[in-house]
Amino acid sequence: MKQSEQGSVLLPGPVMVDVAGTELTEAERQRLQHPLVGGVILFARNFNSREQLTALCDAIHASRDEPLLIAVDHEGGRVQRFKTDGFTVLPAMRHLGTLWEKDAKAAAEMAAAVGYVLAAELRACGVDMSFTPVLDLDWGVSGVIGNRAFHRDPKAVAMLATGLVQGLHRAGMASCGKHFPGHGAVEADSHHEIPVDERDLEQILNDDAAPYGWLGAMVLDSVMPAHVIYPKVDDKPAGFSRYWLQRVLRKALGYEGVIFSDDLTMEGATVAGDILARAEAALGAGCDMVLVCNRPDLADELLQRLQHTSDPESVQRIRRLRCLEPALAWDDLQSDEYYQHARELQSQIVSS
């Protein structure tokens with residue numbers, strides 16, 4: 001039994017960590033049992049075969065009595081962590097946007113097909129959710145976003161995202177809209193720089209943030225804010241800003257789902273201070289869970305230093321991200337008619 005010091009089953013904590021390789025080390029097993037840990041994010045380095053990935057996910061889930069949430073950035077295009085051993089190579093979302101310009105209904109149907117294939121394959125291997133869809137608008141200036149975005153038109157983005165999420169939900173997978181309120185209008189990459197967007201609140205709400213208000217928590221199970229500063233609104237990056245997360249996202253847009261921070265080891269997060277200050281700023285602004293990626297030393301430092309009592313509502317929001325219905329096993333998936341239909345549809349996207 002993996003229990004807290006009080007003898008009760010551990011609740012999901014507010015920190016998502018990663019693991020180094022294709023199987024858990026003893027140090028990682030210990031880290032995953034820390035009460036502040038609530039999830040694990042996987043990367044391409046964690047995959048060499050479906051069998052191995054499934055075993056890794058089983059080990060992560062078995063590390064706690066209440067299984068940890070396992071997530072991955074698996075969008076399609078250049079951001080897809082698993083592409084071999086049977087995984088379908090998914091198109092960049094901009095291809096759906098191009099199709100939308102010709103046939104909006106067909107594009108939405110294909111978006112749903114992509115979402116189903118994406119989610120069904122991941123769930124068959126034990127992954128709970130993917131951080132998708134990208135809701136950033138394609139302003140033509142952001143290299144890090146680029147063709148990860150569906151379109152420049154927020155209506156097209158909302159429509160295609162709805163289709164994609166319907167596919168995710170059909171396979172039992174939660175969604176995550178990112179990067180609120182929008183990363184597409186700045187050239188700087190928040191992985192390596194601190195982006196600044198000089199537009200005013202009205203401009204951002206009318207364009208970039210519009211899909212979040214239209215979709216809401218009924219469609220978007222979670223949201224990830226951007227490590228971007230919008231100085232005409234607040235002097236803090238959106239992920240550290242109570243104005244953006246509480247006043248705009250929670251109150252003005254009425255959003256009730258999970259809020260994840262983006263990776264706290266990114267350069268765009270360094271404005272808040274050391275790893276403890278970053279986590280405290282994100283959680284204090286309203287994030288339910290913070291990500292610490294590719295720096296196990298900083299993850300351990302945060303787990304040692306962070307003093308945090310999770311809000312029961314936050315815990316329940318995080319719990320809802322894990323589907324309790326069993327996923328189709330990989331072999332069963334291959335004979336599933338809808339899966340085969342969805343694969344055929346998504347394979348036509350680039351050539352449409």
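Start with β7 and β8. In this predicted model, the two strands run parallel and are joined by 4 bridges. Pick F180 in β7; P225 of β8 stands opposite.

**Along β8**

Select residues 222–225, which make up β8. Colour the side chains by direction. S222 and M224 point one way, while V223 and P225 point the other way. All four are buried. This fits a general pattern: in a regular strand, side chains alternate between the two faces of the sheet.

Now add β9, residues 258–263. β8 and β9 also pair in the parallel sense, here over 2 bridges. Which residue of β9 does S222 stand opposite? Zoom in and find V258. Then move to V223, whose bridge partner in β9 is I259.

**The whole sheet**

Zoom out and show the strands. The sheet is open and has 8 strands, with parallel pairing. Read across in the order β6-β3-β2-β1-β10-β9-β8-β7. Which strands are at the edges? They are β6 (129–130) and β7 (176–180), and each pairs on one side only. Strand pairing of this kind goes through backbone hydrogen bonds.

**Helices α4 and α5**

Select 104–124 for α4 and 154–170 for α5. Their axes are 6 Å apart and meet at an angle of about 35°. The crossing of α4 past α5 is right-handed. Show the contact side chains next. From α4, take A104, K105, A107, A108, A111, A112, V114, G115, Y116, L118 and A119. From α5, take M159, L160, G163, L164, G167, L168 and R170. Colour this contact by class: 13 residues are nonpolar, 3 polar and 2 charged.

**Helices α9 and α10**

Move on to α9 (275–285) and α10 (296–305). Here the packing angle is about 65°, and the axes lie 9 Å apart. This crossing is right-handed. On the α9 side, the contact uses I275, L276 and A279. On the α10 side, select L298, E301, L302 and R305. By class, the contact of α9 with α10 holds 5 nonpolar and 2 charged residues, with no polar ones.

**The cysteines**

Select the cysteine sulfurs. How many disulfides does a search of the whole structure find? The count is 0. Why is C57 not bonded? Its closest cysteine sulfur belongs to C125 and is 7.2 Å away, so the gap is too far for a bond. The cut-off for a disulfide is 2.5 Å between the sulfurs. Check the surroundings of C57: its relative accessibility is 0%, so C57 counts as buried.

Jump to C323. This cysteine is in no disulfide either; the nearest cysteine sulfur, in C57, is 15 Å away. Is C323 buried or partly exposed? At 23% relative accessibility, C323 counts as partly exposed.

**Last stop: L11**

Go to the segment before β1 (15–18), where L11 has its place. L11 is partly exposed, with a relative accessible area of 45%. What does L11 touch, leaving out residues up to four places away in sequence? Select P35, V37, R64, V315 and R319.

Finally, draw a distance from L11 to V228, C-alpha to C-alpha. It spans 31 Å, and the two residues are 217 residues apart along the chain.

Definitions and conventions:
Residues are numbered from 1 along each chain as its sequence is written. This is a predicted model: local features need pLDDT of at least 70, side-chain atom pairs count only at pLDDT 80 or more; totals for chains, interfaces and linings use all residues. Side-chain values use heavy atoms; hydrogens and water are left out. Two strands pair if DSSP finds at least two bridges between them. Axes are lines fitted to C-alpha atoms, for helices over the stretch in contact, and angles run from 0 to 180 degrees between N-to-C directions. A crossing is left-handed if the near helix is turned anticlockwise from the far one by less than a right angle, and right-handed if clockwise. Contact means heavy atoms within 4.5 Å. Ala, Val, Leu, Ile, Met, Phe, Trp, Tyr, Cys and Pro count as nonpolar, Asp, Glu, Lys and Arg as charged, and the others, Gly among them, as polar. Buried means under 20% relative accessible area, exposed over 50%, partly exposed in between (1.4 Å probe, protein chains only).
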